[in-house]
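Dear colleague,

I am passing on the structure below, together with an account of what came out of going through it. Please read the notes with the coordinates open beside them.

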Amino acid sequence: MKHENVKRLMAERGYSYRKLAPLLGITWKALYLKLNGHTEFKYSEVIKICRILSIDNPRDWFSE
């Protein structure tokens with residue numbers, strides 16, 4: 001799994017795929033695919049996720 005830490009943080013902050021995806025302007029399935037490494041995040045989506053989940057440094061969470 002590519003973004004396990006992001007998924008863990010989502011759960012800690014009370015966000016499911018279905019709750020977070022509309023805030024990003026995508027479907028829950030698209031978010032699922034992105035968080036599991038099947039498709040790439042857009043820069044704007046990463047920025048929105050960081051804002052919503054209070055992530056200070058995106059590179060720590062979204063870089064390989």
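Which exposed residues does the face of H2 turned away from its buried side carry? They are Arg18 and Pro22, and I should say at once that this is a predicted model, so that everything below is to be taken as a description of a prediction.

To stay with helix H2, which runs over 17–24, its buried residues include Leu20, Ala21 and Leu24. These cover an arc of only 105 degrees around the axis, and therefore they lie on the same side of H2. Among the elements that cover the buried residues of H2 are H1, H3 and H4. After the helix comes Gly25, which has a positive phi near 80 degrees.

The packing of H2 against H3 can be described in some detail. The two helices meet at an angle of about 100 degrees, and their axes are 8 Å apart; since angles of 65 to 115 degrees count as roughly perpendicular, H2 and H3 are therefore roughly perpendicular to each other. On the H2 side the contact is made by Tyr17, Arg18, Leu20, Ala21 and Leu24, and on the H3 side by Trp28, Leu31, Tyr32 and Leu35. Divided by character, the residues of this contact are 8 nonpolar and 1 charged, with no polar residue. Arg18 thus appears both in the contact with H3 and on the face of H2 turned away from its buried side.

Helix H1, spanning 4–12, has Val6, Lys7, Leu9 and Met10 as buried residues. Viewed down the axis of H1, the buried residues fall within an arc of 160 degrees, so they line one face of the helix. The face turned away from that buried side carries the exposed residues Ala11 and Glu12. The cover over the buried residues of H1 includes H2, H3, H4 and H5, and just after the helix Gly14 takes a positive phi of about 85 degrees.

Two residues of H1 deserve a closer look. Val6, which has its place in helix H1, has a relative accessible area of 1%, and is therefore buried, the limit being under 20%. When residues up to four places away in sequence are not counted, Val6 touches Leu35, Ile49, Leu53, Trp61 and Phe62. The C-alpha atoms of Val6 and Ile55 are separated by 9.5 Å, although these two residues are 49 residues apart along the chain. Met10, with its neighbours within four places in sequence left aside, is in contact with Tyr15, Ser16, Tyr17, Leu20, Leu31, Leu35 and Leu53.

In helix H4, which covers 43–53, the residues Glu45, Val46, Ile49, Cys50 and Leu53 are buried. They cover an arc of only 135 degrees around the axis, and this is why they are found on the same side of H4. On the other side of H4, Tyr43 and Arg51 are exposed. The buried residues of H4 have a cover that includes H1, H2, H3 and H5.

H4 is followed by Ser54, a residue that I would ask you to inspect in the model. Ser54 has a positive phi of about 60 degrees although it is not a glycine, and its place is in the loop between H4 and helix H5, the latter running over 58–62. With a relative accessibility of 53%, Ser54 counts as exposed, because the threshold is over 50%. The C-alpha atoms of Ser54 and Leu9, which are 45 residues apart along the chain, are separated by 9.7 Å.

Finally, the core. The largest nonpolar core has 16 residues, and those with the most contacts inside it are Val6, Met10, Leu31, Phe41, Ile49, Leu53 and Phe62. Helices H1, H2, H3 and H4 each supply at least two residues of this core, and the largest share, 4 residues, comes from H4. Of the residues discussed above, Val6 and Met10 are among those with the most contacts inside the core, and the contacts of Val6 include Ile49, Leu53 and Phe62, while those of Met10 include Leu31 and Leu53.

With best regards

Methods: Residues are numbered from 1 along each chain as its sequence is written. This is a predicted model: local features need pLDDT of at least 70, side-chain atom pairs count only at pLDDT 80 or more; totals for chains, interfaces and linings use all residues. Side-chain values use heavy atoms; hydrogens and water are left out. A nonpolar core is a set of buried Ala, Val, Leu, Ile, Met, Phe, Trp, Tyr and Cys residues joined through side-chain atoms within 4.5 Å. Buried means under 20% relative accessible area, exposed over 50%, partly exposed in between (1.4 Å probe, protein chains only). Contact means heavy atoms within 4.5 Å. The arc is that of the directions from the helix axis to the C-beta atoms. Axes are lines fitted to C-alpha atoms, for helices over the stretch in contact, and angles run from 0 to 180 degrees between N-to-C directions. Angles under 35 degrees count as roughly parallel, over 145 as roughly antiparallel, 65 to 115 as roughly perpendicular and the rest as oblique. Ala, Val, Leu, Ile, Met, Phe, Trp, Tyr, Cys and Pro count as nonpolar, Asp, Glu, Lys and Arg as charged, and the others, Gly among them, as polar.
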